[in-house]
Amino acid sequence: MTRIPEPTPVPPSAHINRTHENHNQDQNGNKDNFSVPDIQLQIRDLKHPGAKRFLSAVDAADCMTTATLNLLKLLYHTPSDPETTVPPTSSVRLILEDIPGVAYTVGHGADNNIKEIHFSLSYIAQINPSRVADEINGVVTHELVHCFQYNGHGAAPGGLIEGIADWVRLHCNLSPPHWKQEVREDWDAGYQHTAYFLEYLEQLFGHGTVRRINDKLRSNVYAEDVFWIELFGREVKDLFAEYTKSFQDLHN
Ligand SMILES: [Zn+2]
């Protein structure tokens with residue numbers, strides 16, 4: 001087993017609760033006024049090797065704030081833009097605990113606006129030491145997308161939801177080294193497979209295409225036979241066939 005790096009001192013309380021208001025200005029002078037909701041960190045087993053690695057590798061508040069602002073910029077215009085609507089997520093709690101798998105996100109509250117991201121301490125403990133921070137930031141970014149994305153009123157395929165989360169991760173330069181573009185049989189195979197298909201659509205139809213897909217998942221109950229035609233004038237299976245062909249032309 002890989003030796004665990006020495007931890008930085010553990011904060012007096014493992015519960016961090018900060019609210020950020022960020023006012024960034026881009027080179028065109030446009031102001032982004034996205035606000036980060038209440039963010040919290042709960043570590044359920046501070047003695048777990050994964051907890052020490054997490055605390056040594058990242059500043060949890062910076063990690064969650066940066067990831068939230070990055071995903072909001074990718075999936076939404078500025079809040080004043082009437083074209084897109086940021087969901088009313090009011091708080092996100094990151095819970096580090098010893099669970100199987102990598103991570104999952106759940107919502108609570110009347111509006112489903114209180115989110116919990118459960119992240120596996122055992123998974124964190126076994127990340128390649130050279131990329132602990134990148135992998136933590138990548139997983140947190142992916143899970144935070146689930147806290148702020150739409151799902152076609154529960155009707156969108158899971159593969160599309162996972163694909164959007166990994167498309168954001170891809171655009172934040174946080175894709176893990178094992179990701180490579182390859183074509184699967186189904187457009188909604190999910191994760192990076194669907195993420196690369198979404199990136200193809202973003203290139204084909206222009207900047208903001210995935211943002212439009214997400215917004216349509218807000219306004220419409222997802223129905224595959226009309227969703228893609230209304231957006232792009234074509235069926236998803238035809239778009240995916242074109243994607244598959246262009247990929248094969250490039251790689252053969
Ligand atoms: Zn996911």
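Buried here means under 20% relative accessible area, so Arg 131, at 17%, makes the cut. That cut-off comes up again and again below. What you have above is a predicted model of a 252-residue protein, with 49% of the residues buried. The highlights are a zinc ion held by two histidines and a glutamate, and a cluster of aromatic rings running from Trp 187 to Tyr 243.

**The overall picture**

- The fold comes to 9 helices and 7 strands.
- Contacts reach a long way along the chain: of those with a separation of 6 or more, 66% join residues 24 or more positions apart.
- About 12,500 Å² of the protein is exposed, and carbon and sulfur atoms supply 48% of that area.

**How far to trust it**

- The average pLDDT is 87, and 85% of the residues score at least 70.
- Keep an eye on residues 1–31, where the pLDDT is below 50. That stretch still has 56 contacts in the model beyond its near neighbours in sequence.

**The zinc site**

- Which atoms hold the zinc ion? They are NE2 of His 142, NE2 of His 146 and OE of Glu 162, at 2.0 to 2.1 Å.
- Along the chain, the donors follow the spacing H-x3-H-x15-E.
- Both histidines sit in helix α4 (residues 132–148), and because they are 4 residues apart there, about one helical turn separates them.
- Are the two histidines buried or exposed? His 142 has a relative accessible area of 7%, so it is buried, and His 146 is buried as well, at 17%.

**The aromatic cluster**

- The whole structure has 11 aromatic pairs.
- One of them is Trp 187 with Trp 228: the ring centres are 5.2 Å apart and the planes stand at 75°, so this pair is edge-to-face.
- Trp 187 is in the loop between α5 (158–171) and α6 (191–205), while Trp 228 belongs to helix α8 (residues 224–232), so the pair ties together parts that are 41 residues apart in sequence.
- Both tryptophans are tucked away: Trp 187 is buried at 7% relative accessible area, and Trp 228 is buried at 0%.
- Tyr 222 and Phe 227 make another pair, with centres 4.8 Å apart; their planes meet at 45°, so this one is tilted.
- Tyr 222 counts as buried at 8% relative accessibility, and so does Phe 227 at 2%.
- Ring pairs link these four residues into a cluster that also takes in Phe 197, Tyr 200, Phe 205, Phe 232, Phe 240 and Tyr 243.

**Helix α1 and its neighbours**

- Helix α1 covers residues 49–57, and its buried residues are Gly 50, Ala 51, Arg 53, Phe 54 and Leu 55.
- What do those residues pack against? Their partners are β4 (35–43), α2 (60–75), β5 (91–97), α3 (121–125) and α4.
- Helix α4 therefore turns up in two places in this briefing: it packs with the buried residues of α1, and it carries His 142 and His 146.

**Charged and polar residues to look at**

- Arg 131 is in the loop between α3 and α4. Leaving out residues up to four places away in sequence, Arg 131 touches Ser 175, Pro 176 and Pro 177.
- Asn 173 lies in the loop between α5 and α6. With a relative accessible area of 69%, Asn 173 is exposed.
- The C-alpha atoms of Asn 173 and Asp 134 are 9.1 Å apart, though their positions lie 39 residues apart along the chain.
- Asp 215 is part of helix α7 (residues 209–219) and counts as buried, at 14% relative accessibility.
- From Asp 215 to Gly 152 the C-alpha separation is 9.0 Å, with the two residues 63 apart along the chain.

**Cysteines**

- How many disulfides does the structure hold? The count is 0.
- Cys 63 is buried, with a relative accessible area of 6%.
- Cys 172 is buried too, at 15%.

Note on methods. Residues are numbered from 1 along each chain as its sequence is written. This is a predicted model: local features need pLDDT of at least 70, side-chain atom pairs count only at pLDDT 80 or more; totals for chains, interfaces and linings use all residues. Side-chain values use heavy atoms; hydrogens and water are left out. Buried means under 20% relative accessible area, exposed over 50%, partly exposed in between (1.4 Å probe, protein chains only). Contact means heavy atoms within 4.5 Å. Accessible areas come from the Shrake-Rupley method with a 1.4 Å probe; for residues, only the protein chains shown count as cover. pLDDT is the predictor's confidence in each residue, from 0 to 100. Donors are N, O and S atoms within 2.8 Å of the metal (3.2 Å for Na, K and Ca); water is not among the atoms, so sites may look incomplete. Rings of Phe, Tyr and Trp (its six-membered ring) pair if their centres lie within 6.5 Å; planes under 30 degrees apart count as stacked, over 60 as edge-to-face and the rest as tilted. A disulfide is a pair of cysteine sulfur atoms within 2.5 Å.
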